[in-house]
Amino acid sequence: MSGAVRPTIRIQVGDFDTAAEVAAMTQGRTDIGAVVTFCGLCRDEGGQLSALELEHYPGMAEAEIGRIATEAVGRWPLQGVTVIHRYGRMKPGDNIVLVVTASTHRQAAFEAASFLMDYLKSRAPFWKKEHGADGTAGDWVDAKEADDEAAARWRR
């Protein structure tokens, strides 16, 4: 059953509606027993951040996220996978990324969503630049070692 799942991958400037994405995935389906969503938001870093700018390589980002999602479908019995990642300039509180996984049982949906986020943080080709509340533009943010360590737990 999981081999037939085709992940939905979107890279976009505009916001997304989590409830609408879940409804689109589950409408008319009776084989889904669990849906897990993860929504990553832009945080204000203790009032120090006015905006976060995300850039990506079009085509490359979709392909890499597609590979990650296809790997999740191969590891867990999923009935649906959606990954939406925004780019452009976002203010604190704005949505950045959405992962939706659906399965017959909750454990597979939870594990697949966690796997996807761990790999999105460490392998998806996005670059972040912080803009300070004081008007300064910071440097591009380096990858965090903790993100690589989180993804390492999924290596077979």
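This report walks through a few residues and one helix pair in a predicted model.

Some bookkeeping: this is a predicted model, where local features need pLDDT of at least 70, side-chain atom pairs count only at pLDDT 80 or more, and totals for chains, interfaces and linings use all residues. Residues are numbered from 1 along each chain as its sequence is written, and side-chain values use heavy atoms, with hydrogens and water left out.

Helices (H or I, at least four residues) and strands (E, at least two) are DSSP runs, numbered from the N terminus. Here are three strand residues, rated as buried (under 20% relative accessible area), exposed (over 50%) or partly exposed (in between), with a 1.4 Å probe and protein chains only.

| Residue and strand | Relative accessibility and class |
|---|---|
| H131, β7 (residues 126-132) | 9%, buried |
| S103, β6 (residues 95-103) | 1%, buried |
| C39, β2 (residues 34-41) | 30%, partly exposed |

Let's start with H131. Its side chain makes a polar contact with the side chain of E53 at 2.8 Å; a polar contact is a pair of N or O atoms within 3.5 Å, and within protein one must be able to donate a hydrogen and the other to accept it, while residues adjacent in sequence count only if both atoms are side-chain atoms. Setting aside residues up to four places away in sequence, H131 touches several others, among them Q48, L49, R89 and T136, where contact means heavy atoms within 4.5 Å.

S103 also has a polar partner, with its side chain reaching the backbone oxygen of P77 at 2.5 Å. P77 is among the residues S103 is in contact with beyond four places in sequence, and so are I32, G33 and A108.

C39 pairs up in space with a residue far along the chain: C39 and V97 are 58 residues apart in sequence and 5.6 Å apart, C-alpha to C-alpha. V97 is also one of the residues C39 touches, as are F16, T18, N95 and L98.

Now the helices. The axes of α2 (residues 60-75) and α3 (residues 106-123) come within 10 Å and cross at roughly 155 degrees, so the two are roughly antiparallel (the cut-off is over 145 degrees). The residues making the contact include I65, I68 and A72 of α2 and F115, L116 and Y119 of α3. They divide into eight nonpolar, no polar and four charged.

Finally, at the start of α1 (residues 18-26), a side-chain oxygen of D17 reaches to within 3.0 Å of the backbone nitrogen of A19. After α1 comes G28, with a positive phi near 75 degrees.

How values were computed. Axes are lines fitted to C-alpha atoms, for helices over the stretch in contact, and angles run from 0 to 180 degrees between N-to-C directions. Angles under 35 degrees count as roughly parallel, over 145 as roughly antiparallel, 65 to 115 as roughly perpendicular and the rest as oblique. Ala, Val, Leu, Ile, Met, Phe, Trp, Tyr, Cys and Pro count as nonpolar, Asp, Glu, Lys and Arg as charged, and the others, Gly among them, as polar.
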